[in-house]
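Me: I'm new to this one and would like a close look at a single part of it. Could you walk me through the place where the ligand sits?

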Amino acid sequence: MAQSARPGVFITFEGGEGAGKTTHISFLADALRSQGAEVLRVREPGGTAAGEALRAIVLDAGSEGLSDQSELLIFEAARAQLVREQIAPALERGAVVLCDRFCDSTLAYQGYGRGLSLDFIRAANEFACQGVYPQRTVLMRASDCAQVGLQRATRHSADRMECQGDAFHANVNRGFDEIAASCPERIRVVDSSQPKPQTARCVFSCLADLFGWDPENLPFDDAFFDGVESYHGKRPNERQDQ
Ligand code: TMP
C-alpha cells in the first residue's frame with residue numbers, strides 16, 4: 001500500500017470485538033483538538049448517508065440471507081463513499097483523520113474470518129481507497145482469547161458480525177496478528193488489556209513521530225493520561241464529529 005501524499009494525517013484503528021478502540025480514539029481526538037488540530041473522526045462502515053444505510057444492512061442481525069460476497073462488497077462500497085466524501089477532502093484540508101476500522105478489518109473479517117480470497121480483498125481495498133491510505137494503524141489487542149473481547153462487546157446486544165461465533169472471531173484475531181506482522185512499519189500493536197492510562201500512553205507514543213512529539217517525553221502529563229479513566233468519549237457521530 002502506497003501512503004497518502006496529502007497534507008493531512010490519516011490514522012486508522014483496528015482490532016477484534018471489544019478491543020476498546022472507541023474511548024481511545026475519542027480521547028486522542030480531544031487531545032489533538034486541544035492542540036489546535038482539525039480532527040475528523042469517522043467509523044467504518046458509516047460516516048456518509050450511503051455508508052450509514054449500508055451499515056444498517058450489514059450489521060442488522062435480521063439480514064440473514066446476506067452472502068459472504070455481498071457482505072464484502074457492502075463494506076467496500078461504504079469505504080469508497082467515505083473516502084470520496086469525507087476522508088480525502090479532510091486530508092486535502094490538512095486535517096487529522098481518525099478512522100475506526102478500515103481496510104485491515106476487511107482482510108481480517110472477510111478474509112481470515114469468512115475465508116474469501118485475500119488477493120481479491122486486497123484488490124477491492126485498493127479500488128475503494130482511491131489512492132488514500134493510512135500513514136499509521138493502531139491495532140488494539142484486548143486479549144489472546146477472542147471470547148473475552150466478544151463477551152465485552154455483546155454485554156447489551158449483538159449485531160450480525162458479533163453473532164458469528166467464537167471460531168470466526170478467533171480467526172479474525174489471528175488475521176489481525178498476521179496482518180500486523182506483515183506491516184510492522186505501518187501497524188503498531190497496543191495491548192488494551194493494560195490499565196486505560198497506560199493504554200492511552202501507548203497509543204500516543206506510537207503516533208508520536210506523526211505529530212513531532214518525543215515518544216519518551218510526550219507533551220501530556222500523567223494527570224492527563226489518568227483522566228482517561230473517567231473519560232466518557234462519545235461514539236463518533238460521523239459526519240458531524242469534526
Ligand atoms: P463496529 O463499528 O461496532 O466495530 O462494527 C463494525 C463491524 O463490522 C465489526 O464487527 C467489524 C465488521 N467489519 C467487517 O466485517 N469488515 C469490514 O471491512 C469492516 C470495516 C468492519
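How many residues surround the ligand, and which are the closest?

Reply: Quick note before we dive in: this is a predicted model, where local features need pLDDT of at least 70 and side-chain atom pairs count only at pLDDT 80 or more, while totals for chains, interfaces and linings use all residues. Residues are numbered from 1 along each chain as its sequence is written, and side-chain values use heavy atoms, with hydrogens and water left out.

Now to the ligand: 13 residues surround it, and the closest are Glu-17, Arg-55, Arg-101, Thr-106 and Gln-110. To be part of that shell, a residue needs a heavy atom within 4 Å of the ligand.

Some of these make polar contacts (a pair of N or O atoms within 3.5 Å). The side chain of Glu-17 puts an N or O atom 2.7 Å from a ligand oxygen, and Arg-55 has a polar side-chain atom 3.0 Å from an oxygen of the ligand. Gln-110 goes for a ligand nitrogen instead, with a polar side-chain atom 2.8 Å away. On its own the ligand exposes 480 Å², and the protein buries 95% of that; those areas come from the Shrake-Rupley method with a 1.4 Å probe.

So what is the shell built from? Helix 2 (49-59), helix 3 (68-93) and helix 4 (103-113) each chip in at least two residues, with helix 4 giving the largest share, four residues. Helices here are DSSP runs (H or I) of at least four residues. By class, the shell holds six charged residues (Asp, Glu, Lys and Arg), four nonpolar (Ala, Val, Leu, Ile, Met, Phe, Trp, Tyr, Cys and Pro) and three polar (the others, Gly among them).

Technical notes
A polar contact is a pair of N or O atoms within 3.5 Å; within protein, one must be able to donate a hydrogen and the other to accept it, and residues adjacent in sequence count only if both atoms are side-chain atoms.
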